[in-house]
Structure formats: C-alpha cells, structure tokens
Amino acid sequence: MKSLNNILEEHEDCEFEVKAAQGRNGRGEIPRSVWESYSAMANTVGGVILLGVEEDAAGIYKVLGLKDVERIRKSAWDNLNNRQIVSTNLLTEQDLAEVEHEGLRLLYIRADFTDRISILVIKREDYFGFRNPGGLRLPAEVVLRGGESDCRNRRLQKMFQLVGAAEQAGSGFPKIMRAWSEQHWRYPLLDEKYQPEQTVLRLPTTSLLPPEAISELDRQFGRKFRELGEIERLAVVTAFVEEKVTNQRLHTITDSHARDLTAIFKSLVNSGFLIPDGFGRGTCYRLPGRIANKEQELPRRLDDALFSHKESSKVPVQSSEHLPSDSEHLPSDSEHLPSDSEHRNNLILIATPVNQTRSAPAEQVRSTILLLCQESFLSLRTLADLLNRSSNTLRVHYLSPMIKSGLLEYRYAGKANHPQQGYRTTILP
C-alpha cells in the first residue's frame, strides 16, 4: 500500500489536488468538485486527486482520513461509469487505490494521461493490426506459451464469461498461433514499445515463403540462396518481408534453440546474406543495402506505422468503424533529437548500453542521463526515446530526484509542467 509521502514524491511534477471528502455526516462521500477536476485533467496530461486530505489557505495539507474507503472507492467507480456525471471513463479500477498515512486511510485517484495512446485497429487484404495503450501484464514469453491469464478488465471478462464467449485459461494467443500455423502464414508478432507505452499485435496473412520474395532473393543471390537450409532460408526471407529479423523472431517461427540460431545468423553474416544492425540483445539483421538510417527512417511498412506516434496519411488503412473518427490522428510531438547529426549520433552512442537492456542498474541510468544532458537541455520525450524507458519511469525515479539533488536543472525553472521543459546537467559524475 502506498504512503502519502510516496504519492507526493511520485507526482511532484503532476497536477495534484486534494479533497476533504468528509460528507455531511462525517462518514465520507465524493464531492461534486472531484468530477470538475477529473474533466479538467482529462483535457490535459492528467494528474492525481487525493480524497481525505484538506488544504488550507496557506497551502498546508492536513490529513483527515476516510472512515469507509471501500464504499467511497465503489461510489467513485460507479460515478465514473455514469454518463450523467462523466461523459467518458478514461480510468481503470487499478487507478483507484487506497493510501495510508499514519494510520489514516485515503483514496488515491490516478488520472495520468501523459503516455496514453489511442486504440487502433487496421485491416487490409494481407494484414491485421491491433494496438492498445499500456504494456503487457505478463512477460511476452508467457503470453506466447499460454496457460496463464491476467485480464486488464475483469468486469468485462466476467461479462463475456457469463455468455460463454470467454474463458480464463490463457489460451488465446496459442489458438492464434495454431491457426496461423495451419494456414502456413507468417507468424504473428507481439511487441511492446515504451514511449509512448503500447502493445502491438500484428497478424500477417501472407505465406511464410511468398513467391515474390523467393523470386527477388533468387535474383539477388542466385544459386547460393537456393542451396540454403530451411531455417537459413526462412531467416533471409523474413529479413526481406519484414525489413529485419531477430533471434527472437526466428525462434518464434522455427522453435529452434537460441544458441543454434546464433550460429545460423553468424553463418549468414559471414556468407554475405545478412548484415547485423545494433548491439547485444538488441541486434537485428537486415539484407545488404537495407541498413536502417536511424536519423531519417520513416515507417515504410504498415507494421511500423502501428508504432508511429502519429499515423502517416499516406498509408492506406481501414480503421474499425467502432473506433472514434479521430483514432488515426494521434497528437504529434515536435520534440526530436538535436538536429546536428554528429551530436545526435553521439547521444545515441552514449545511450546504447541502457537502451539495449531493461535491467540496467539505477546508478548507470543516472550517469547516462548526466552525460546525455551535459551539452544542452533535452526534453523528457527525447530522453525516453534515447533510453528506451517510459516517460513516467524517468520522471518519477530519475529526473525529479536528480532535480532535487541539484544534479540537473530545468530549462524553465519553477514551471515543472512547461510544455517545452528540458533538463540539463549541472554536476557531472
């Protein structure tokens, strides 16, 4: 259970409001002003509302507590789903949580929309694509294997279970994989991206060995390609069709051991079929002449467009008719890496050790941030892209504490939520 001090520290840079919420009889109730605050936050980047705390004219917080948090939590959730009170519920039940401070219980409503992204469904003749905001609730390898279930919306799951349209066996993805295998289609791709945080499922309906791909590769490599073994050929064809291939992707397609695939990739590189791109676990392999230009690379295929922060108007897609009409037009972001090519390449080089792993020690992440920010102010979005971390993780666990300790400074001092806010190093390690 979170403490009040944890809440205040984590949301130092967010819109933060407190409500006494004591009610007429002192047993607690949701004040009408909560929904006014919620509506205001829904039109910006969001924030936090804490019930059971009073703020005096001097801005000093006084913790009052709530006598029946569970009843108030249920009332808040019911009101969020009441269209006469709130037009749209943007929260999940996990966004309403109990907080404790010195034995007093409070209700914490998290309405943080900084990294939210719309649902997107794409359909075309050779492709289905699905994008949801938020990351996976289970490790990707567990999802692929099946047998475990952790539904994000349990009420919706229960509703479908009651009509026989859902179960809780974690069998959904294995069923998809089995169906695709029976059709000899290219295997589905399940990916997570951390800025903005999203999960993407791509379901190609093309052959594992499309005739046009075989023909082009035969023209490019000749007899050498025809003499490749089955797995080697699949690796090269995948790199042609999907622009790149990785150890994990080939493992999904062939179920071969990672050590064997490493040897296969090494052989294909030595033979001139593939060229490595990246470092360590982040290495992918591309065909010669197709090395990605990371400075100018645009989404060239529909699966890349799914990850775009703003969908390209040049990509012909058919959106689900049940989605809002603006679901394909996500907010664009004007923040990019510095325009100077040498500076940009240097930043990418500095960030690579942290970017390529999710388990970098905290001290290494802090040192890397200080090195990245030593020459100029960098935005939260830019740092998140460079380090492959979510904006919220960087802000809460690194940037805010480093501002407090004097290691970093704001571009706009005293205006933590300024839309063009940046961070610069004051003290190098």
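## Glu363 and helix 14

Glu363 lies in helix 14, which covers residues 362–372, and in this predicted model its relative accessible area of 48% makes the residue partly exposed. Along the sequence Glu363 stands 35 residues from Tyr398, and the C-alpha atoms of the two are 9.7 Å apart in space. Tyr398 belongs to helix 16, and this pair therefore leads from helix 14 to another helix that has several features of its own.

## Helix 16 and its surroundings

Helix 16 spans residues 391–404 and carries a kink of about 30° at Tyr398, a position shortly before the proline Pro401. Tyr398 is also one of the buried residues of this helix, a list that further includes Ser391, Leu394, Arg395, Val396 and Leu399. The later part of the list is made up of Ser400, Met402 and Ile403. In an α-helix there are 3.6 residues a turn, so residues three or four places apart point the same way.

On one side of helix 16 is the loop that joins helix 15 (380–387) to it, and Asn388 lies in this loop. The phi of Asn388 is near 60°, a positive value in a residue other than glycine, and with 25% relative accessibility Asn388 counts as partly exposed. Helix 16 is followed by Gly406, where phi is again positive, near 85°.

## A second positive phi

Most residues other than glycine have a negative phi. Ala21, like Asn388, is not a glycine, yet its phi is positive, near 55°. The loop that holds Ala21 runs between strand 2 (15–19) and helix 2 (33–42), and there Ala21 is buried, with a relative accessible area of 6%.

## Salt bridges

The structure holds 15 salt bridges, among them one in which the side chains of Arg202 and Asp191 meet, with 1.5 Å from N to O. Arg202 lies in strand 11 (residues 197–204) and Asp191 in strand 10 (residues 189–194), so this pair ties together parts of the chain that are 11 residues apart in sequence. Arg202 is buried, with a relative accessible area of 6%, whereas Asp191, at 24%, counts as partly exposed.

Another salt bridge brings together the side chains of Arg249 and Glu242, at 2.8 Å from N to O, and both of these residues are buried. Through salt bridges that share partners, Arg186 joins Glu242 and Arg249 in one network. The side chains of Arg105 and Glu98 also form a salt bridge, at 2.6 Å from N to O; here Arg105 is partly exposed at 33% relative accessibility, and Glu98 is partly exposed at 23%.

## Gly129 in strand 9

Gly129 is found in strand 9, which covers residues 127–133, and at 0% relative accessibility it counts as buried. Although Gly129 and Pro204 are 75 residues apart along the chain, their C-alpha atoms are separated by 8.2 Å.

## A nonpolar patch on the surface

Leu156, Met159, Phe160, Leu162 and Val163 make a nonpolar surface patch of about 520 Å². Of these residues, Phe160 is found in helix 5, which runs over residues 154–162, and at 37% relative accessibility Phe160 counts as partly exposed.

## The protein as a whole

The secondary structure of the protein comes to 16 helices and 16 strands, and buried residues make up 40% of its 429 residues. Among the contacts with a separation of 6 or more, 57% are between residues 24 or more positions apart. The accessible surface comes to about 23,600 Å², and 50% of this area belongs to carbon and sulfur atoms.

## Confidence in the model

The mean pLDDT of the protein is 77, and 79% of its residues reach 70 or more. Over residues 293–336, however, the pLDDT is below 50, and this stretch has 81 contacts in the model beyond near neighbours in sequence.

How values were computed:
Residues are numbered from 1 along each chain as its sequence is written. This is a predicted model: local features need pLDDT of at least 70, side-chain atom pairs count only at pLDDT 80 or more; totals for chains, interfaces and linings use all residues. Side-chain values use heavy atoms; hydrogens and water are left out. The bend at a residue is the angle between axes fitted to the seven residues ending there and the seven starting there. Helices (H or I, at least four residues) and strands (E, at least two) are DSSP runs, numbered from the N terminus. Buried means under 20% relative accessible area, exposed over 50%, partly exposed in between (1.4 Å probe, protein chains only). pLDDT is the predictor's confidence in each residue, from 0 to 100. Contact means heavy atoms within 4.5 Å. A salt bridge is a side-chain nitrogen of Lys or Arg within 4 Å of a carboxyl oxygen of Asp or Glu. Patches are made of residues with over 30% relative accessible area and no salt bridge: like charges are joined within 9 Å, nonpolar side chains (Val, Leu, Ile, Met, Phe, Trp, Tyr) within 5 Å. Accessible areas come from the Shrake-Rupley method with a 1.4 Å probe; for residues, only the protein chains shown count as cover.
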